[in-house]
Amino acid sequence: MTTLIKNGKVISTTGVIAQDVLIDGEAIVALGAPGYFAGAEQGADTVIDAAGKYVIPGGIDVHTHMELPFGGTFASDTFETGSRAAAWGGTTTIVDMAVQRAGENVFEGLAEWHRKADGNCAIDYGFHQIIGGVDDESLKAMKYLTEHEGISSFKLFMAYPGVFYSDDGQILRAMQTAADCGAMIMMHAENGIAIDVLVQQALARGETDPRYHSYTRPSPLEAEATHRAIVLSHVAGNVPLYIVHMSAGDALNEVAAARHHGRNVFAETCPQYLWLTLEETLGRPGFEGAKWVCSTPVRSKDHDPDYIGQMGHGHQGDLWKGLRMNELAIVSTDHCPFCMKDQKELGIGNFAAIPNGIGGVEHRMELLYQGVVAGEMSLERWVETCCTTPARMFGMYPKKGVIAPGSDADVVVWDPNTKTKIGINDKHHMNMDHSAWEGWVIDGKVDTVMSRGTVVIEADQYVGRKGHGRYVPRGLSQYLV
Ligand code: DUC
Ligand code: ZN
Ligand code: ZN
């Protein structure tokens, strides 16, 4: 099977160039000036005319939670529904979080995640491993997974005491182990012990609405945990540290300062923190705000009153600046969908019982493209933060994340001239009964999506198949070498 994508503009981290792309089987074999492959066009099995469109590497979402057990229920997307929705949004690889909790065996947790994903995915997938119980056995497993299972990144939690939480001693031990074997530590950086006190106090005052979810997780508790994680990673031998779902300007300042001091510290943010505010979402009257309960929380449009840092642009302005300055290297989604019915509703009358999570795997590429339209970032930076750096950061480059000879033919044709309407009765393919982005009409549209040379989305149709997606064993992070 050969495919020629002609007349498009190929976007890479370094430029936007008119180029044709030749694909043979599962791989990209050559790029040429427009018309260069005219001789091969006759013999090509498929020709895609990308005139007026962009040709970009398939998106890589390095932070998803399909079927995550949380708050007495499970995230509502399976690998089948969630990976299909990802494809609809121009994402061709996800890296999901396999789970181990205190008292559980890491290998069994990982095996369960393989069982859930194997034969069900529309696109390729890899795993990080959540270590919710740091002990001798799980530390040994971290080394084994890095060396033998293609899992080179481990998520720890400074929040959720009694569920996934690790104390500072456990964190330090896990970081030392990661430093020994070259792995990356991913950190959920919120001071969960202090948050739990604020939550209990709020509930005792009768403050039960969804908006109290954000008020009880103020940004200094994200900044403090970020700082503490950075210090611990330094003590553990400058182990690579990646702060997940960063939502606050004061936390970002900690990352910027650490990077300035030469520390191996990286961070991601997510579309919800770049575009949504507490006032417009979580703060809606009644229970509707539950749709936007996630952790870290969506924040106020202004800095919190006790914000420590540069006043002025609000958290969102800080995050966009961080993306431009590479203080934020990646945009992921933290895709963790829950329906309102029977799931978010568990928290009626008690915001702390609302399952935490927003579904977004379908919309990351679309929503970040709005940053290009709004002048917040360049086309090149869009591709860098959503496709190329995720591959490099998590050991998948150059197989993934770039349009180059020899790379997997994970390619998206992007139409910048058409609009997309997001909403439950419009564009929406995640297994949810609502959309966090309901009614948003945005610029640009996913036109064609290829996963390893196979077209999975074309002409507003899903033409892929369950089981096409393969497990991607990953190497060590390539960002530091
Ligand atoms: N945050 C969420 O919003 N959901 C799941 C886990 C997490 O850290
Ligand atoms: Zn988290
Ligand atoms: Zn997460």
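Start with the two domain centres: in this predicted model, the centres of domain 1 and domain 2 lie 31 Å apart, taken over C-alpha atoms. To see them, colour by the domain assignment. Select 2-56, 401-420 and 442-462 for domain 1, then 60-393 for domain 2.

Next, go to where the domains meet. Here 22 residues of domain 1 are in contact with 24 residues of domain 2. On the domain 1 side, select strands E2 (9-12), E3 (15-18), E18 (411-421), E19 (441-451) and E20 (454-458); each gives two or more residues to the side that touches domain 2. Linger on E19. Its six residues are the largest share of that side. Colour the domain 1 side by class: 12 residues are nonpolar, eight are polar and two are charged.

Now select ligand 1. Which residues surround ligand 1? Show His65, Phe70, His188, Cys294, Ser295, Asp334, Cys336, Asn356 and Gly357 as sticks. By class, this shell has three nonpolar, five polar and one charged residues.

Zoom out to the whole protein. Switch to cartoon and you have 13 helices and 21 strands to follow. The C-alpha atoms fill a box of roughly 75 × 50 × 40 Å along the principal axes. For 481 residues, a compact globule would have a radius of gyration near 23 Å, so the 21 Å of this protein agrees with that expectation.

Finish with the packing. Of the 481 residues, 57% count as buried. Draw the contacts between residues at least 6 apart in sequence: 77% of them join residues at least 24 apart.

Definitions and conventions:
Residues numbered from 1 in each chain as written. Chains lettered and ligands numbered in written order. Predicted model: local features only at pLDDT ≥ 70, side-chain atom pairs only at ≥ 80, totals over all residues. Near = placed C-beta within 6 Å. Nonpolar A, V, L, I, M, F, W, Y, C, P; charged D, E, K, R; others polar. Helix = DSSP H or I, 4+ residues; strand = E, 2+ residues; numbered from the N terminus. Rg over C-alpha atoms; globule rule 2.2 N^0.38 Å. Buried ≥ 20, exposed ≤ 12 C-beta atoms within 10 Å, placed from the backbone. Contact = placed C-beta atoms within 7 Å. Domains from an automatic or database assignment.
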